[in-house]
Each structure stands twice: as C-alpha cells, then as structure tokens.
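Grab the coordinates and work through a few packing exercises. Each one has a task, then a solution you can follow step by step.

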Amino acid sequence: MSAEAIFSVSGLTKRFGEGEAEVLVLKGIDLSMAAGEMAALLGPSGSGKSTLLTILGTLMRASGGTHDMLGVDLMQASEGQRTKFRSKHLGFVFQFHHLLPDLSALENVMMPAACAAGRETRAMRERATELLDAVGLADRRDYRPSAMSGGQRQRVAVARALINNPVLVLADEPTGNLDRQSADHVMDLIRSINQTMATSFLISTHDEHIAGQCPRRIELLDGRIVRS
C-alpha cells in the first residue's frame, strides 16, 4: 500500500453459507483509495456493493484476502481493535438516515462521539454545532427528525458521520430515498466536505446522475471489479 493510500484490499473474498448452500459474493477484490478521494461504487443489485462497503467499514470480516487501512492489518485485528478503529477513523451514511426519533438533530450528531467516550462533553456539543452549521442546519439543531424534511434528515446523518473526524466516509445509497433536488443538495454537501475537509468518500449508488458527480467510478459486476 502506498504512503498516500488510506486503505488497500487485495484478493478480498466473501462467502456466505456452507456446502451446497455456499454463495461466493466477492470474488477477489483488489482496490485502494487515496486520501481525499471521492469515488462512486456502482453495480447492479446483487453485485456485492453493500457487502464490500460493510467489509471496508469493519462491520463484517472478509473470508479471505488482505484488508489494510492506515497501516493496520484489519484481517488480523481482534473485534475489539476493529471496533475502536471504526469509531476513530470511519464514518457511515446510509440510504435511510437511521436518526433516533427521540433525540434532537444536535443530539443525533453527537451520538457516535458520546457513545465512544461513554459521556457527552462540551467539546462534542461545540463540534456537533459546527457540523450542523456546515451542513446548513444551524437553525434546526433542536428539531427532532419528525420535524425535518427527508433532505434535512440526511444532512444531519452526514454531519453525524463526521463527528469523529473520520478519514473515510462510506455511504450506501445516501440519496436513494430522496427526490432529485434533495439528492443534489446532499451531493453538493458531500462534495464540499470532500474539498474543504479532505475527507475521503466512497459512495455506493445505482444512479448514474449521482455517480457522474464523483471524480472516480468503481464498477462491480458479479462480485468482481470491472472498472476502477
């Protein structure tokens, strides 16, 4: 892995099931990303996009191959080490925002940091406030998700993904549940964060319009990368 790469996987495989029921979902993935990159991950349903993101996010372990990030061998790391690594270095945005309905926007953004530290601090509140301002929702900090639009909720989710200053944000169909205007606003936000904070983004999408807004495209087909 080059000094500029934030992660590198080689020969990555993932199997589900056993015996006759075994399914090979990822079939030898070779992929790396440099710091500050913004890439779209494309492929038809069942191609392995979500599985690859889940493995890259250390939420699931690969069946074989290598998985290195920031100099750490994540294939050999214990689950505890992987959890700490994930909390410190990775952020996540999903198709459905997964905000907690009883918490305000500010509290939702703080949640990953508060969970990692075991408590809430003034510094966390200040960081969350700054992030809500950065995503254009400073005036919605005390609103609960039910009082916000879909696009606003997704922007809160982006802010939450950034609370621990991750080097990489993994986004799984982050605009898939939004109308075109809201989707474009979210992508404008992601592009701005990528450029101003140098945060890397890997964005899974089936939408060519969204993919076209990313400088790099990575295509998966039947568990294999056919373009990177």
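Before the first exercise, one cut-off: a residue is buried when its relative accessible area is under 20%, and exposed when it is over 50%. Also keep in mind that this is a predicted model.

**Exercise 1.** Work out how enclosed α5 is, and what covers its buried residues.

*Solution.*
- Start with the geometry: α5 has twelve residues and spans 17 Å from first C-alpha to last, close to the 16 Å expected at 1.5 Å a residue.
- Now apply the cut-off along the helix. Gly-151, Gln-152, Gln-154, Val-156, Ala-157, Val-158, Ala-159, Arg-160 and Ala-161 come out buried.
- That makes nine of the twelve, so α5 is largely enclosed by the rest of the structure.
- Next, look for the cover: β6 (90–94), α3, α4, β7 and α6 are included in it.

**Exercise 2.** Describe how α3 and α5 pack, and list the residues that make the contact.

*Solution.*
- Fit the axes: they lie 7 Å apart, at an angle of about 35°.
- Check the handedness: α3 passes α5 in a right-handed crossing.
- Then collect the contacts. α3 brings Ala-105, Asn-108, Val-109, Met-111 and Pro-112, while α5 brings Val-156, Ala-159 and Arg-160.
- Zoom in on Val-109: leaving out residues up to four places away in sequence, Val-109 touches Ala-128, Leu-131, Leu-132, Val-156, Ala-159, Arg-160 and Ile-163.

**Exercise 3.** Find the residues with the most contacts inside the largest nonpolar core, and say which elements feed that core.

*Solution.*
- The core has 38 residues, and Val-109, Leu-132, Val-156 and Ile-203 have the most contacts inside it.
- Elements giving two or more residues to this core include α3 (105–117), α4 (122–134), α5 (150–161) and β8 (200–204).
- Don't stop there: a second, separate core has 26 residues, among them Leu-53, Ala-62, Phe-85 and Leu-220.

**Exercise 4.** Lay out the six-stranded sheet and place α2 and α5 on it.

*Solution.*
- Order the strands: β6-β7-β8-β3-β9-β10, an open sheet with mixed pairing.
- Spot the edges: β6 and β10 (224–227) each have a single partner strand, so one side of each is left without a neighbour in the sheet.
- Add the twist: neighbouring strands are turned by 25° against each other on average, ignoring direction.
- Pick one pair: β7 and β8 run parallel over five bridges, and Leu-170 has Leu-202 in β8 as its bridge partner.
- Finally, add the helices. α2 (residues 79–89) touches β6 and β7, its direction making about 75° with that of β6. α5 also touches β6 and β7, but at about 165° to the direction of β6.

Definitions and conventions. Residues numbered from 1 in each chain as written. Predicted model: local features only at pLDDT ≥ 70, side-chain atom pairs only at ≥ 80, totals over all residues. Heavy atoms only, no water. Core = buried A, V, L, I, M, F, W, Y, C linked by side-chain atoms within 4.5 Å. Buried < 20%, exposed > 50% of the residue type's maximum accessible area, 1.4 Å probe, protein only. Helix = DSSP H or I, 4+ residues; strand = E, 2+ residues; numbered from the N terminus. Contact = heavy atoms within 4.5 Å. Expected span 1.5 Å × (residues − 1). Pairing = 2+ DSSP bridges. Axes fitted to C-alpha atoms, helices over the stretch in contact; angles between N-to-C directions. Left-handed = near helix turned anticlockwise from the far one by under 90°.
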